Amino acid sequence: MSDQVIAKELHPGVWEWCICSDQSTATGRNFHSGDGEALAAFLPSASTPVNVVMRGQQVVATEVELDAKQKKHAAKLIPFELEEELSSSVDNLHFAFGQFAENRVPVLYAEKESCEGPLSDLGAQGCDVRVALPDYLMLRRSPNGVTILSENNFVSVRLSEHWGFTIELALASVLFERITQHSALKDNPPEEVLLVAENETDIAVITTWLPSEWLEDDTISVDVIEGGFWDCVDTSVSAVSLNLRRGRFARQLPFGRWWRLWKAPAIVLGVAFFVAILVQVAGFYFAKNEGQQVREKMNEVYLQAVPNGRLGGDLERLLESKLKSQNTASSEPTNFMFLLSQVTGVIAADDKTTLSSFSYSGDQRSLQLTLEFDSLSSLAEFRSTLQQRGVASDSPRTTSVGDKYQARIKIREAK
């Protein structure tokens with residue numbers, strides 16, 4: 001079975017504890033005592049469950065009767081059902097209730113301050129407190145049995161699974177006179193009574209408190225253990241349904257423990273992230289400075305190539321366009337005179353055709369003509385004559401100008 005630590009609060013801030021398995025007893029084991037920090041340091045791991053044994057004289061066990069309709073609102077109704085027997089304001093008390101048996105439900109209540117002290121003490125140390133119960137509900141008992149413990153001038157009694165009390169030794173005898181009238185025993189006397197005390201004298205004192213009908217009943221067995229709380233502790237925590245570790249005292253996410261676990265890695269990651277940011281910023285400024293130097297060098301080269309040029313824009317593209325414009329010269333001989341001679345020869349043969357303008361493109365080795373014709377048939381004949389002379393023409397763009405036609409024609413040597 002998995003290990004657990006049972007910690008008993010001796011005084012505010014002072015603990016006694018023992019590690020044991022779920023179904024084992026604490027007898028014969030090593031016990032330790034100290035403050036909350038010492039307890040936390042003792043734990044085998046941060047996730048080891050800790051069950052807190054609270055001082056029973058500060059926690060009251062009782063029962064409340066509710067009808068079927070009220071069960072749905074039990075958490076709100078129970079404090080006010082008990083209001084008449086409370087010695088303190090409802091707002092100052094912490095309540096825990098168990099499972100319903102017909103219309104009755106077991107209840108524990110205590111001052112919030114008395115619960116907050118032990119739970120916050122261990123919680124602040126990062127202990128994983130799973131269960132908090134009064135000492136009398138942590139006593140081992142047989143089915144249909146009663147356990148009575150006398151220790152450190154206090155008497156703790158567990159009457160049933162959910163009922164019990166802890167009282168000062170001086171007042172115990174008065175309470176035992178009425179113990180048979182308790183609702184848990186009134187119609188159901190115990191089959192076994194377990195007496196636990198540190199010595200025979202204390203056991204003899206407890207025995208004198210027992211009702212005479214129990215001592216005279218042969219069906220009720222009385223067992224005796226010389227010891228203390230740890231000799232009769234219920235490590236199975238059978239009354240867990242009344243766990244006081246609920247509501248405002250419920251378990252919280254262990255942010256403190258997580259931070260302690262991840263503190264060092266978080267610091268390392270933070271430093272690494274900061275260094276990465278510094279490297280990126282340094283790289284950015286280095287690249288920016290290098291880019292500025294490259295830009296200055298480009299400006300210098302551009303001004304050497306174009307002394308009167310204007311800086312700005314894409315200087316590389318500007319230089320490329322300059323180079324292209326200067327590399328238009330071709331090593332091939334121009335055909336301008338050939339094309340012009342062929343055109344003028346055809347125009348000279350037809351006095352009704354006139355040449356308005358022309359332009360020559362060395363790159364395309366073509367001649368752009370603007371001519372005027374009397375008719376579209378004259379234009380077609382002109383193109384046909386050029387074709388016979390070895391000159392090809394593109395489709396002309398013609399417009400009507402009065403009674404003539406103006407045509408723009410591009411001509412080149414026929415292939």
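## Overall fold

Helices and strands here are DSSP runs, numbered from the N terminus, with at least four residues for a helix and at least two for a strand. On that basis, the protein chain of this predicted model has ten helices and 18 strands. Its radius of gyration is 54 Å, whereas the globule rule gives 22 Å for 415 residues, so the chain is more spread out than a compact globule. The C-alpha trace spans about 160 × 55 × 40 Å along its principal axes.

## Burial, surface and contacts

Of the 415 residues in the protein chain, 35% count as buried. The exposed area of the chain comes to about 24300 Å², and 52% of that is supplied by carbon and sulfur atoms. Among contacts with a separation of 6 or more, 59% are between residues 24 or more positions apart.

## Strands E4 and E8

Strand E8 covers residues 128-134, and six of its seven residues are buried, so E8 is largely enclosed by the rest of the structure. Strand E4, residues 49-54, pairs with E8 in the parallel sense, and the pairing runs over six bridges. Within this arrangement, Val53 stands opposite Leu133 of E8.

## Ser156 and its surroundings

Ser156 belongs to strand E10, which runs over residues 154-158. Is Ser156 buried or exposed? Its relative accessibility is 5%; because the cut-off for buried is under 20%, Ser156 counts as buried.

The side chain of Ser156 makes a polar contact of 2.9 Å with the side chain of Thr166. Thr166 also appears in the list of residues in contact with Ser156 once neighbours within four places in sequence are left aside. The other residues in that list are Asp135, Tyr136, Leu139, Thr147, Ile148, Leu149 and Phe165.

## Aromatic pairs

The structure contains nine aromatic pairs. One of them joins Phe284 and Tyr285 in an edge-to-face arrangement, with 5.3 Å from centre to centre and 75° between the planes. Both Phe284 and Tyr285 are exposed.

Elsewhere in the sequence numbering, which residues do ring pairs link into a cluster? The cluster consists of Phe31, Phe229 and Trp230.

Notes: Residues are numbered from 1 along each chain as its sequence is written. This is a predicted model: local features need pLDDT of at least 70, side-chain atom pairs count only at pLDDT 80 or more; totals for chains, interfaces and linings use all residues. Side-chain values use heavy atoms; hydrogens and water are left out. Rings of Phe, Tyr and Trp (its six-membered ring) pair if their centres lie within 6.5 Å; planes under 30 degrees apart count as stacked, over 60 as edge-to-face and the rest as tilted. Buried means under 20% relative accessible area, exposed over 50%, partly exposed in between (1.4 Å probe, protein chains only). A polar contact is a pair of N or O atoms within 3.5 Å; within protein, one must be able to donate a hydrogen and the other to accept it, and residues adjacent in sequence count only if both atoms are side-chain atoms. Contact means heavy atoms within 4.5 Å. The radius of gyration is taken over C-alpha atoms; the globule rule is 2.2 Å times the number of residues to the power 0.38. Accessible areas come from the Shrake-Rupley method with a 1.4 Å probe; for residues, only the protein chains shown count as cover. Two strands pair if DSSP finds at least two bridges between them.
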